[in-house]
Amino acid sequence: MNKSYIDGAWVEGSSAVADLNPSDTSDCIGDFASSNKAQTNDAINAAQKISGSWRESGIHQRAEMLDRIGSEILSRKEELGTLLSREEGKVLAEGIGEVERAGHIFKFFAGEAVRIAGVSMDSVRPGVDVEVVREPIGVVGIITPWNFPIAIPAWKIAPALAFGNTVVFKPATLVPASAQSLTQIIAESGLPAGVFNLVMGSGQEVGETIVNSPLVNAISFTGSVATGREILVKTAERQARVQLEMGGKNPLIVLDDADLETAVECAINGAFYSTGQRCTASSRLIVGADIHDRFVERLIERMESLIVDHALKPGTQMGPVVDDRQFEEDLNYIEVGCSEGAEMATGGARLERDTDGYYLAPTLFIETNNAMRINQEEMFGPIASVIRAHDYEEALTVANDTDFGLSAGICTTSLKHASHFKRNSSAGMVMVNLPTAGVDYHVPFGGRRNSSFGPREQGQAAEQFYTATKTTYVNP
Ligand code: UN1
């Protein structure tokens, strides 16, 4: 196959790129299509042409199709999860879990498609009726990252279609196989040609074309701050609607009264699951002075016992870094940490395994302070820092002292501090005695400051981005 899906047909790309398994670079998943500007414009034109009739297609039909897509994803979760883990490098349980999440997202939005509601009220002018309804916005460009190759596309595509929009989907170039499998399932659901299009290819060719096209009414993007900002600037002139989910520098506070095992497991999960490659990863562990040494000792012990190996090998707990570029970047940040005076407590080096992959030992810096680059910049790897805090107030100040604001966690048995943190954390999502990563699909997802821009994703909140409000006044 290895093709883009444009206007209801699978089309050969203008070139092809090899898709390598990061757990074993001798394993090539295939050569995948890379489309050019002309093909991207074909997809946009097709999405635009069908947009009028798709919005009239009716909520029941849309709900049925989304439900069918969700069921098909769930029934093939092992196969799709295996492909995802092979291509992206997260361990199989996480790959299958992600696919399941995607299936549930489609089913949730199948329900949302029929639940969409408006409001009818009296006007302040006697005898006049007012109605507030939500309408589709038209063609939506969806640009997604490699770290959740099925779930993030799902949580953008499902609401876009549920609310009557058409889609041009550009996945990250590192994960074409997952994107193509998802597209096959969507294509087989009976959607009319042009409603959903997959255009694989580079940011320069495909991404830029979507971003600059006057026919694209809205863009939902997850990725880096730099690219997100660029999209915002480029679309500002034509006032396209933009939703950006970017980085994080998420704090996990561990107070002296925390349950040690809970805190250590939250840190292990938050910082190192998915190889730390989550925008919700816990990268700053802000730890009370009394519990500090016990926490660090136990955390190091757990980190050193984590089985880092091929993502598909039974028993593996942490897979490889996604590719050589990211691996170099992680090593670079490890050097930055050392040169800033942070003490490397464990990790920091490449690991050799039976297969040739990008294996990096889970890495912990201790004796760090929040001003260091390793505590201010998103690293996107299995690297975390410990920052000592003398009391809750100091921990809170440090947690909020960041340009990001996606997720923030606290481990404590004090209701008083947990409640205060819920109110005073400056992040968009707060976790109490839970890892900073790992979110539900039926509630809003998103952050503040550099982490996010525009309306929230997921749950009922998704309709704010994927629909436009219309207010009508009637004098009967
Ligand atoms: C999660 O933590 O469950 O790119 C989801 C990311 C986020 C998704 C995180 N947009 O890592």
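In the predicted model, Pro214 is situated in the loop that connects helix α7 (203–212) with strand β10 (218–222). This proline has a relative accessibility of 66% and is therefore classed as exposed, since the class begins over 50%. Between the C-alpha atoms of Pro214 and Lys77 the distance is 37 Å, and the two residues are 137 positions apart in sequence.

A second loop residue, Gln239, occurs between α8 (225–236) and β11 (241–245). With a relative accessibility of 71%, Gln239 also counts as exposed. Its backbone has a phi angle near 55°, which is a positive value in a residue other than glycine. A phi value near 55° is likewise found for Asn433. This asparagine belongs to the loop between β18 (429–432) and β19 (452–453). At 31% relative accessibility, Asn433 falls in the partly exposed class, because that class covers values from 20% to 50%.

Residues within helices and strands were examined as well. Gln39 is part of helix α1, which comprises residues 37–55. The relative accessible area of Gln39 is 14%; because this value is under 20%, the residue is buried. Gln39 and Gly13 are 26 residues apart along the chain, and their C-alpha atoms are separated by 8.1 Å. Thr368 belongs to strand β15, formed by residues 363–368. Its relative accessible area of 8% is under the 20% limit, so Thr368 is buried too. A polar atom in the side chain of Thr368 lies 2.8 Å from the backbone oxygen of Val386.

At the level of the whole chain, the protein contains 14 helices and 20 strands. Of its 476 residues, 58% are buried. The C-alpha trace extends over about 70 × 60 × 40 Å along its principal axes. For a compact globule of 476 residues, a radius of gyration near 23 Å would be expected; the chain has a value of 23 Å, and the two therefore agree.

The surroundings of the ligand were considered next. The ligand is surrounded by 13 residues, and the closest of these are Arg101, Asn147, Cys279, Thr280 and Gly438. By class, this shell consists of 7 nonpolar, 4 polar and 2 charged residues. Residues of the shell come from both domain 1 (4–247 + 441–474) and domain 2 (251–432), and the ligand therefore lies between the two domains.

Several short distances link the ligand to the protein. In the case of Arg101, a polar side-chain atom is found 2.7 Å from an oxygen atom of the ligand. For Cys279 the partner is a polar backbone atom, which is 2.6 Å from a ligand oxygen atom. Thr280 contributes an N or O atom of its side chain, at 2.5 Å from an oxygen atom of the ligand. On its own, the ligand has 320 Å² of accessible area, of which the protein covers 99%.

Terms used
Residues are numbered from 1 along each chain as its sequence is written. This is a predicted model: local features need pLDDT of at least 70, side-chain atom pairs count only at pLDDT 80 or more; totals for chains, interfaces and linings use all residues. Side-chain values use heavy atoms; hydrogens and water are left out. A residue is near a molecule or strand if one of its heavy atoms lies within 4 Å of it. A polar contact is a pair of N or O atoms within 3.5 Å; within protein, one must be able to donate a hydrogen and the other to accept it, and residues adjacent in sequence count only if both atoms are side-chain atoms. Accessible areas come from the Shrake-Rupley method with a 1.4 Å probe; for residues, only the protein chains shown count as cover. Ala, Val, Leu, Ile, Met, Phe, Trp, Tyr, Cys and Pro count as nonpolar, Asp, Glu, Lys and Arg as charged, and the others, Gly among them, as polar. Domain bounds come from an automatic or database domain assignment. Helices (H or I, at least four residues) and strands (E, at least two) are DSSP runs, numbered from the N terminus. The radius of gyration is taken over C-alpha atoms; the globule rule is 2.2 Å times the number of residues to the power 0.38. Buried means under 20% relative accessible area, exposed over 50%, partly exposed in between (1.4 Å probe, protein chains only).
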